[in-house]
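Work through the following exercises with the model open beside you, and try each task before reading its solution.

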Amino acid sequence: MRSIFAKILVWSLGTFVLSLIAFWAISRMIDRRMRVGDPFPRMISLIEDDACRVYEEGGAERLSAHLRRLNAYLHAEHILTDSEGRDLATGEDRSDLISRSRVRHDHGRLDDGRMIFIGRPRHGKYYFINIVRPLFESRQILPYYSLIVVVIAVMGFVLAVHLAAPLRRLRGVVERFGRGELAARADSKRKDEIGELSRAFDEMAGRIETLMLAERRLLQDVSHELRSPLARLGFAVELARSGPDADRDRALDRVRKEADRMSELIGELIELTRVEGDRGAWNAEIVSLDALLDQIIKDCEWEAGARRRRIVLKIERSVMVMGEHELLHRAVENVVRNALRHTPEGTTVDVDLSTRDDRALIRVRDFGSGVPEESLSAIFKPFFRVEIDRDRASGGVGLGLAIAHRAVDLHHGRIEARNVSPGLEVTIELPLARQDDEHIRVASA
Ligand SMILES: Nc1ncnc2c1ncn2[C@@H]1O[C@H](COP(=O)(O)OP(=O)(O)O)[C@@H](O)[C@H]1O
Ligand SMILES: [Mg+2]
């Protein structure tokens, strides 16, 4: 039985039949118990004795009057015979009635369904025959039972429809999604488990859709980004082959530069996909942000000094977050290096670390030209570079902030940029490590 639908029907009917059997067994049991102390047989022997006494004292006539009264009173037929089966009131032969039944509780039946009970009062001298119509017949109750079965079947049907239909609908949505219709959603308003399942599916589908779209866009961007250096490479090679000697060196320089650029691009791409990699393989640990910042600043300081810029680090207190050290390092370093690149000669890059509520805040501020207001969120997209930076030989390929954004996102944090004229301020917000995370080893910065 494969469908929930049939299962529910069978289960509800099965439960009904079981309860019916239990009901029947219990009533049988009660019936048995009752019989032992039942006053009924004793009452019957009283009636039997009475009839015998009337016959012995008053003969057939009195007996017949007595039995008529009894019949009217008890809505049954009563007959007293001698031991041969001859009716003592009318003289008729009743032995066929007697042969139909055995003595006492076991009864026989007449063709019209009436029951025959036989008693043997006065130590077997007489037969006392009692013919009654049964109070109820199982045949009479049958329609009621059938009605109940029908009602239960209808209720089971309604329940089955109620459960199976939304499941089928959800399956349809899952199948559509599986066939590549990424916008397929269940959109269930139900409050039960099926509703929860539908919402969980919708959430998953949403995440997959975003990821797939981002991936597709990235692939387009990558192809686009690779095309121009490749074209320039081809051009340079052509020039090196056919041009005058003076051009050859320039062309080879060009080849070298374009190759470097592509290698950098691919390096960054690998980094970006690594950030997106399998979260199950994550090496989550407690990361000390102050140690991490110290390390980054130390690495950048030499380069900054050489270019006559300074980094000023301000740490309010020691701050711990939960995450992957390598990824967080990447994210922050990208932001700091951008600031260093954009801040003018003789100015500083201010980096400070603080906390607000249960979040850690890293702010990186430079004194450069900032970013056009409308591009403030676009700079976190892969390959986006502000116009004037596009031709600049220095700097990366436009993936640095995209990597930072994804890394911070994976840590349930936020990264934002705003202009503080002069300069740009990038804020990274990360959830602080909770007390119960502390048992995980502290990463050495
Ligand atoms: N501190 C900054 N000041 C001005 N512009 C910035 C700053 N940081 C980033 N940008 C802009 O955002 C773009 C994207 O940055 P990023 O992703 O790091 O790429 P890249 O550094 O490789 O150009 C940069 O090309 C630049 O136009
Ligand atoms: Mg950068």
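The exercises below concern a predicted model, and each task is followed by its solution.

**Exercise 1.** Determine how the strands of the open sheet are ordered, and which of them lie at its edges.

Solution. Begin with the order, which for the 4 strands of this open sheet is 1-4-3-2, with antiparallel pairing. Next, look for strands that pair on one side only: these are strand 1 (77-82) and strand 2 (108-109), the edge strands. Then follow strand 2 to strand 3 (residues 115-119), with which strand 2 pairs in the antiparallel sense over 2 bridges; in strand 3, M115 is the bridge partner of R109. Finally, add the helix that covers the sheet: helix 2 (residues 40-74) lies across strand 1, strand 3 and strand 4 (126-132), and runs at about 160° to strand 1.

**Exercise 2.** Compare the expected span of helix 9 with the distance between its end C-alpha atoms.

Solution. Helix 9 (residues 325-342) has 18 residues, which at 1.5 Å a residue should span 26 Å. The end C-alpha atoms of helix 9 are 26 Å apart, which agrees with that expectation. Turning to burial, the buried residues of helix 9 include H325, L328, V332, V335 and A339.

**Exercise 3.** Establish whether H224 is buried or exposed, and where H224 lies.

Solution. First place H224 in helix 6 (residues 193-242). Because its relative accessible area is 53%, and exposed means over 50%, H224 counts as exposed. Lastly, H224 and F383 are 159 residues apart in sequence, while their C-alpha atoms are 9.9 Å apart in space.

Methods
Residues are numbered from 1 along each chain as its sequence is written. Chains are lettered from A and ligands numbered from 1 in the order in which they are written. This is a predicted model: local features need pLDDT of at least 70, side-chain atom pairs count only at pLDDT 80 or more; totals for chains, interfaces and linings use all residues. Side-chain values use heavy atoms; hydrogens and water are left out. Buried means under 20% relative accessible area, exposed over 50%, partly exposed in between (1.4 Å probe, protein chains only). The expected span of a helix is 1.5 Å times one less than its number of residues. Two strands pair if DSSP finds at least two bridges between them. Contact means heavy atoms within 4.5 Å. Axes are lines fitted to C-alpha atoms, for helices over the stretch in contact, and angles run from 0 to 180 degrees between N-to-C directions.
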